[in-house]
Amino acid sequence: MDEQRRSVDAGSESDADVSRRFVGLVKAHDVHLTGSAAGLVAAGGDLSILNGGCGPVLTNGNVTIRNGGCGPVIAKGDASIEKAGTQAIVAAGGATIGRNAFVGIVASPKVTIEEGGRVLLSSPMAIAVGAGVGLGVAVLARLRRR
């Protein structure tokens, strides 16, 4: 990775093709990371990662990860991951966990786990755990205020 930048902001109308870089923040319509590492990714459209990784992801479109990984994903569209890993996926569309992929928590209306894919917690259990954690945080916050 021979070139380094702190952020890539292509605006809301442009695409960001980030190749072989370390980037702190990527904000664009469609984001494509190839052999790159990024901190936060905010995409107005789709995100694709090939041989790279990033921190948290917020996108209004689809997420595709191949041979990489990322932090938690919140996607308005579908999420697909193969030969990769991520902490959590919250997708309004479907979530496909492909070969040699690992996801800690998946919350999506349709979860497909292909042969060789692994998920620690899927939608019903993830929702229950999330509700429990939220309740616990609310109780602790209330007790702390007293």
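## Arg99 and its salt bridge

Arg99 sits in between buried and exposed: its relative accessible area is 40%, so it counts as partly exposed. In this predicted model, Arg99 pairs with Glu82 in a salt bridge, and the closest N and O atoms are 2.8 Å apart. Glu82 belongs to strand S13 (residues 79-82), whereas Arg99 is in the loop between strand S15 (94-97) and strand S16 (102-107), so the pair ties together parts that are 17 residues apart in sequence.

How many salt bridges turn up in a search of the whole structure? The count is one. As background, side chains of opposite charge can pair when their charged atoms come close.

## Two cysteines, no bond

Searching the whole structure for disulfides gives zero. Why is Cys54 not bonded to Cys70? The Cys70 sulfur is the closest cysteine sulfur to that of Cys54, but at 4.6 Å it is too far for a bond; the cut-off for a disulfide is 2.5 Å. Seen from the other side, Cys70 is in no disulfide either, and its nearest cysteine sulfur is that of Cys54.

Are these cysteines buried or exposed? Cys54 has 10% relative accessibility, so it counts as buried. Cys70 also comes out as buried, with a relative accessibility of 10%.

## Overall make-up

On the secondary structure side, the protein has one helix and 18 strands. It runs to 146 residues, and 38% of them count as buried. The accessible surface comes to about 8,200 Å², with 56% of that belonging to carbon and sulfur atoms.

The contact pattern is worth a look too. Take the contacts between residues at least 6 apart in sequence: 1% of them join residues at least 24 apart.

## The nonpolar core

Which residues have the most contacts inside the largest nonpolar core? They are Val26, Leu33, Val41 and Ile89, in a core of 30 residues. In soluble globular proteins, nonpolar side chains tend to be buried together.

Val41 makes a handy starting point for a tour. Leaving out residues up to four places away in sequence, Val41 touches Val26, Val31, Leu33, Leu47, Cys54, Pro56, Val57 and Leu58. One of those partners, Cys54, is the buried cysteine from the disulfide check, at 10% relative accessibility.

## A nonpolar patch on the surface

Some nonpolar side chains are found on the outside. Leu25, Leu40, Leu58, Ile74 and Val90 make a nonpolar surface patch of about 390 Å². Leu58 from this patch is also among the residues that Val41 touches.

Leu40 is found in strand S6 (residues 37-43). With a relative accessible area of 33%, Leu40 is partly exposed, and the cut-off for joining a patch is over 30%.

## Asparagines with positive phi

Most residues other than glycine have a negative phi. Asn51 goes the other way, with phi near 55°. Where is Asn51? Its place is the loop between strand S7 (47-50) and strand S8 (53-54), and with a relative accessible area of 45% Asn51 is partly exposed.

Asn67 is another non-glycine residue with a positive phi, here about 55°. Asn67 falls in the loop between strand S10 (63-66) and strand S11 (69-70). The relative accessible area of Asn67 is 37%, so this residue is partly exposed.

How values were computed
Residues are numbered from 1 along each chain as its sequence is written. This is a predicted model: local features need pLDDT of at least 70, side-chain atom pairs count only at pLDDT 80 or more; totals for chains, interfaces and linings use all residues. Side-chain values use heavy atoms; hydrogens and water are left out. Buried means under 20% relative accessible area, exposed over 50%, partly exposed in between (1.4 Å probe, protein chains only). Patches are made of residues with over 30% relative accessible area and no salt bridge: like charges are joined within 9 Å, nonpolar side chains (Val, Leu, Ile, Met, Phe, Trp, Tyr) within 5 Å. Accessible areas come from the Shrake-Rupley method with a 1.4 Å probe; for residues, only the protein chains shown count as cover. A salt bridge is a side-chain nitrogen of Lys or Arg within 4 Å of a carboxyl oxygen of Asp or Glu. Helices (H or I, at least four residues) and strands (E, at least two) are DSSP runs, numbered from the N terminus. Contact means heavy atoms within 4.5 Å. A nonpolar core is a set of buried Ala, Val, Leu, Ile, Met, Phe, Trp, Tyr and Cys residues joined through side-chain atoms within 4.5 Å.
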